[in-house]
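Trainee: I should be grateful for a close look at the place where the ligand is held, and for an account of how the parts of the chain around that place are arranged.

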Amino acid sequence: MQIGPLPPAHFDAAIQLWQDAGLTRPRNDPTQDLHRALAGSASTVLAGTEDETLIATAMVGHDGHRGWIYYLAVSENARCRGHGRAMIQACEAWLFERGMSKLNVMVREDNAAARGFYASLGYGLDEVVVLSRRLQ
Ligand SMILES: CC(C)(COP(=O)(O)OP(=O)(O)OC[C@H]1O[C@@H](n2cnc3c(N)ncnc32)[C@H](O)[C@@H]1OP(=O)(O)O)[C@@H](O)C(=O)NCCC(=O)NCCS
């Protein structure tokens with residue numbers, strides 16, 4: 001798998017992958033998310049491709065203090081081959097190069113698969129609660 005910034009030719013495939021992986025929600029516009037992440041210098045969307053087919057994505061960015069990952073997905077038929085791990089390692093390298101010392105991930109409480117995945121990569125549970133309020 002080759003990993004690099006998501007090229008425009010794969011935008012539609014990325015959104016399809018997010019939908020197929022159950023990562024989209026009616027209140028979020030994934031196309032807008034994608035364009036915003038690629039436009040800013042503190043964020044990007046990484047693409048994993050094999051034979052020029054998109055098989056993995058991860059949105060990575062930082063707020064000047066911590067790094068964050070969203071939209072991590074591997075195509076269903078490409079899972080369990082280490083691609084998810086490779087995408088996280090690429091995100092970690094992207095953040096490290098920008099001086100970030102910690103990476104946070106928000107995983108839905110009932111997403112046991114993602115929790116198992118992150119646990120096997122050495123990610124631990126922080127003693128925090130996430131609070132939020134809708135602005136729009
Ligand atoms: C989570 C996801 C990205 C994992 O991708 P993947 O390519 O299958 O993962 P890898 O093959 O790189 O697995 C890496 C490690 O995680 C472990 N792992 C993967 N899925 C797991 C699961 N469901 N439960 C427990 N461990 C798991 C693997 O065993 C492997 O550990 P090892 O190297 O010690 O053997 C993929 O399942 C996915 O796209 N899921 C749907 C979208 C999603 O939930 N994204 C996360 C949102 S927070």
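Mentor: Ser-120 brings a polar side-chain atom to 2.9 Å from an oxygen atom of the ligand. This distance, like every other value here, is computed from a predicted model. Asn-111 also contributes through its side chain, with a polar atom 3.0 Å from an oxygen atom of the ligand. Gly-82 takes part through its backbone instead: an N or O atom of that backbone lies 2.8 Å from an oxygen atom of the ligand. Taken alone, the ligand would expose 940 Å², and the protein buries 70% of that area.

Consider next the whole shell. The ligand is surrounded by 21 residues, and the closest are Leu-72, Cys-80, Gly-82, Arg-85 and Ser-120. By character, the shell divides into 12 nonpolar, six polar and three charged residues. Three elements give two or more residues each to this shell, namely β4 (67–74), α3 (83–97) and α4 (112–120). Of the elements, α4 gives the most, with five residues.

The strand β4 leads to the sheet. β4 runs antiparallel to β3, and six bridges join the two strands. Within this pairing, Met-59 stands opposite Tyr-70 in β4. The two strands form a hairpin with four residues between them, and in its turn Gly-64 has a positive phi of about 95 degrees. β3, which comprises residues 53–62, is mostly covered, since eight of its 10 residues are buried. On β3 there is a further pairing, with β2, antiparallel and over eight bridges. There, Thr-44 stands opposite Val-60 in β3. The hairpin of β2 and β3 has two residues between the strands, and Asp-51 in this hairpin takes a positive phi near 50 degrees. As a general point, the side chains of a regular strand alternate between the two faces of the sheet.

From β2 one may turn to the salt bridges, of which a search of the whole structure finds three. In one of them, the side chains of Glu-50 and Arg-81 meet at 3.0 Å, N to O. Glu-50 belongs to strand β2 (residues 43–50) and Arg-81 to the loop between β4 and α3, so this pair ties together parts that are 31 residues apart in sequence. Buried or exposed, where do the two partners of this salt bridge stand? Glu-50 is partly exposed, because its relative accessible area is 28%, and Arg-81 also counts as partly exposed, at 46% relative accessibility.

Another salt bridge joins the side chains of Lys-102 and Asp-126, again at 3.0 Å, N to O. This pair links distant parts of the chain: Lys-102 lies in the loop between α3 and β5 (103–105), whereas Asp-126 lies in the segment after α4, 24 residues away. Lys-102 is partly exposed, with a relative accessible area of 32%, and Asp-126 counts as partly exposed at 40%.

There remains the salt bridge of Glu-97 with Arg-98, in which the closest N and O atoms are 3.6 Å apart. With a relative accessible area of 63%, Glu-97 is exposed, while Arg-98 counts as partly exposed at 34%.

How values were computed. Residues are numbered from 1 along each chain as its sequence is written. This is a predicted model: local features need pLDDT of at least 70, side-chain atom pairs count only at pLDDT 80 or more; totals for chains, interfaces and linings use all residues. Side-chain values use heavy atoms; hydrogens and water are left out. A residue is near a molecule or strand if one of its heavy atoms lies within 4 Å of it. A polar contact is a pair of N or O atoms within 3.5 Å; within protein, one must be able to donate a hydrogen and the other to accept it, and residues adjacent in sequence count only if both atoms are side-chain atoms. Accessible areas come from the Shrake-Rupley method with a 1.4 Å probe; for residues, only the protein chains shown count as cover. Ala, Val, Leu, Ile, Met, Phe, Trp, Tyr, Cys and Pro count as nonpolar, Asp, Glu, Lys and Arg as charged, and the others, Gly among them, as polar. A salt bridge is a side-chain nitrogen of Lys or Arg within 4 Å of a carboxyl oxygen of Asp or Glu. Buried means under 20% relative accessible area, exposed over 50%, partly exposed in between (1.4 Å probe, protein chains only). Two strands pair if DSSP finds at least two bridges between them.
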